[in-house]
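Hi everyone, thanks for coming. Please have the sequence and the 3D view open in front of you, and let's take a walk through this protein together.

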Amino acid sequence: MNTLAQCAAVVDEAARTATAIPQFTESGPLGVEEAYAIQALSMERRFARGETLAGIKMGLTSRAKMVQVGVAEVIWGRLTNVMRLEEGGALSKRRYVHPRIEPELAFIMKRELCGAVSPAEALSAVEAIAPAMEIIDSRYRDFKFALPDVIADNSSSSGFVVGPWGRPDQDFSNLGIAMEVDGRVVQLGSTAAILGHPLRSLVAAARAAAAIGGLKPGWIVLAGGATAAHPLSVGQHVRTRVQNLGSVSIKVG
Ligand code: 0L1
Ligand code: MG
């Protein structure tokens with residue numbers, strides 16, 4: 001088994017060059033703590049290339065996602081400025097190995113939030129909420145991995161796009177979500193699929209982010225996919241509509 005720094009270099013290079021790699025767990029045991037250490041080291045390499053931390057993503061927060069991946073644990077990853085895509089813009093599929101897209105709810109923070117907090121405390125630190133989509137792209141061959149592999153691979157996070165910001169003082173516990181590809185609905189869900197209420201995901205994010213000094217003002221938190229993810233192909237136009245919050249879209253080039 002390689003050192004943690006070597007694993008970080010391998011997964012970072014796989015992401016940078018959009019090249020599939022074998023799972024780390026195929027060549028030896030890897031614990032969850034070690035996997036988060038690899039994630040941190042691989043993200044340090046991106047920061048050394050000029051990317052900046054823009055927030056965090058929560059993963060496997062819905063039953064559909066847990067079933068799709070075959071685990072029962074919430075995970076997290078880091079978002080960078082370079083991963084953010086322009087709303088209504090285009091992504092280049094060549095930059096990814098085998099990208100998928102999923103509908104999400106995004107928070108933007110107005111205050112720091114760190115450690116064990118109540119849902120009310122979490123909500124009071126939120127500036128706004130928005131419909132969003134995350135592009136996930138496992139760097140592992142055939143999109144197959146064990147839990148530590150995916151954590152080491154920044155929890156598959158590869159890109160995100162955020163729609164119009166709305167007030168956080170509205171009921172967003174159970175809003176309908178429809179994700180369309182070229183006008184055809186491919187996934188239907190509800191924000192309630194995100195841990196029963198997306199705010200619970202923010203509470204979990206504050207706890208997770210204690211490891212990196214807490215969530216900071218201006219950071220984006222992706223609450224997690226509300227449905228299973230959908231594979232992306234060149235030429236597609238993907239739009240997610242969230243009840244009361246508007247829509248967010250991206251083209252695949
Ligand atoms: O919910 C998520 O964002 C899960 C990401 C990790 C699993 C996957 O790649 O499907
Ligand atoms: Mg996600």
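I'll talk about the sheet, then the cores, then the empty spaces, and finish with two single residues. One thing to keep in mind throughout is that this is a predicted model.

Let's begin with the sheet. Find the open sheet of five strands, with the order β4-β13-β12-β8-β9. Its pairing is mixed, and we can see that by going through some of the pairs. A bit of background for anyone new to this: strands of a sheet pair through backbone hydrogen bonds, either parallel or antiparallel.

Which strands sit at the edges? They are β4 and β9, residues 184-190, and each of them pairs on one side only.

Start at the β4 edge. Strand β4, residues 90-91, pairs with strand β13, residues 246-252, in the parallel sense, over two bridges. If you'd like a residue to click on, take leucine 91, whose bridge partner in β13 is valine 252.

Now step across to β12, residues 237-242. Here β12 and β13 run antiparallel, and six bridges join them. Valine 242 stands opposite glycine 246 in β13. These two strands form a hairpin with three residues between the strands, and there asparagine 244 takes a positive phi near 70 degrees.

At the other edge, β8, residues 176-181, pairs with β9 over six bridges, in the antiparallel sense. In that pair, valine 181 stands opposite arginine 184.

Next, the cores. As a general rule, in soluble globular proteins, nonpolar side chains tend to be buried together. How many residues does the largest nonpolar core have here? The count is 53, and the residues with the most contacts inside this core are Ile56, Phe107, Met109, Leu113, Leu202, Leu215 and Val221. Several elements give two or more residues to the core, including α1, α2, β1 and β5. The biggest contribution comes from α6, with eight residues.

Let's zoom in on one member, valine 221. Leaving aside neighbours within four places in sequence, valine 221 is in contact with Ile56, Leu105, Ala106, Phe107, Met109, Leu202, Ala205 and Leu215. Apart from the largest core lies another one, of 15 residues, and among them are Tyr96, Met179, Leu232 and Val252. You've already met Val252, as the bridge partner of leucine 91.

Now for the empty spaces. The largest pocket holds about 280 Å³ of space. Of the 13 residues that line this pocket, the closest to its centre are Ala15, Arg16, Arg46, Glu51 and Arg95. Helix α1, residues 4-17, gives the largest share of the lining, three residues. What classes of residue make up that lining? Eight are charged, four are nonpolar and one is polar.

The second largest pocket has about 210 Å³ of space. Its lining is made of 18 residues, and Leu60, Lys65, Val69, Phe143 and Phe145 lie nearest its centre. Among the elements that give two or more residues to this lining are β1, residues 53-59, and β5, residues 100-109. The largest share, three residues, comes from α3. By class, we have eight nonpolar, four polar and six charged residues.

The structure also holds one cavity of 30 Å³ or more, and the space in this cavity is about 40 Å³. Its lining includes Val11, Asp12, Ala15, Met43, Arg46 and Asn154. Both α1 and α2, residues 32-48, give two or more residues to this lining. By class, the cavity has four nonpolar, two polar and four charged lining residues. Ala15 and Arg46 may sound familiar, as both were named for the largest pocket.

Last, two single residues. Glycine 28 is in the loop between α1 and α2. Is this residue buried or exposed? Its relative accessibility is 17%, so glycine 28 counts as buried, since the cut-off for buried is under 20%. Along the chain, glycine 28 and asparagine 2 are 26 residues apart, and their C-alpha atoms are separated by 9.4 Å.

Compare glutamine 6, in helix α1. Its relative accessible area is 40%, so glutamine 6 is partly exposed. From glutamine 6 to histidine 237 there are 231 residues in sequence and 38 Å in space, C-alpha to C-alpha.

That's my tour. Thanks for listening, and I'm happy to take questions!

Definitions and conventions:
Residues are numbered from 1 along each chain as its sequence is written. Chains are lettered from A and ligands numbered from 1 in the order in which they are written. This is a predicted model: local features need pLDDT of at least 70, side-chain atom pairs count only at pLDDT 80 or more; totals for chains, interfaces and linings use all residues. Side-chain values use heavy atoms; hydrogens and water are left out. On a 1 Å grid over the protein atoms alone, a cavity is a set of points where a 1.4 Å probe fits but cannot get out, and a pocket is an open set with protein on both sides within 12 Å along at least five of seven lines; lining residues have an atom within 4 Å of a point. Grid points are joined across faces, edges and corners, and a volume is the space filled by probe spheres set on the points. Helices (H or I, at least four residues) and strands (E, at least two) are DSSP runs, numbered from the N terminus. Ala, Val, Leu, Ile, Met, Phe, Trp, Tyr, Cys and Pro count as nonpolar, Asp, Glu, Lys and Arg as charged, and the others, Gly among them, as polar. A nonpolar core is a set of buried Ala, Val, Leu, Ile, Met, Phe, Trp, Tyr and Cys residues joined through side-chain atoms within 4.5 Å. Buried means under 20% relative accessible area, exposed over 50%, partly exposed in between (1.4 Å probe, protein chains only). Contact means heavy atoms within 4.5 Å. Two strands pair if DSSP finds at least two bridges between them.
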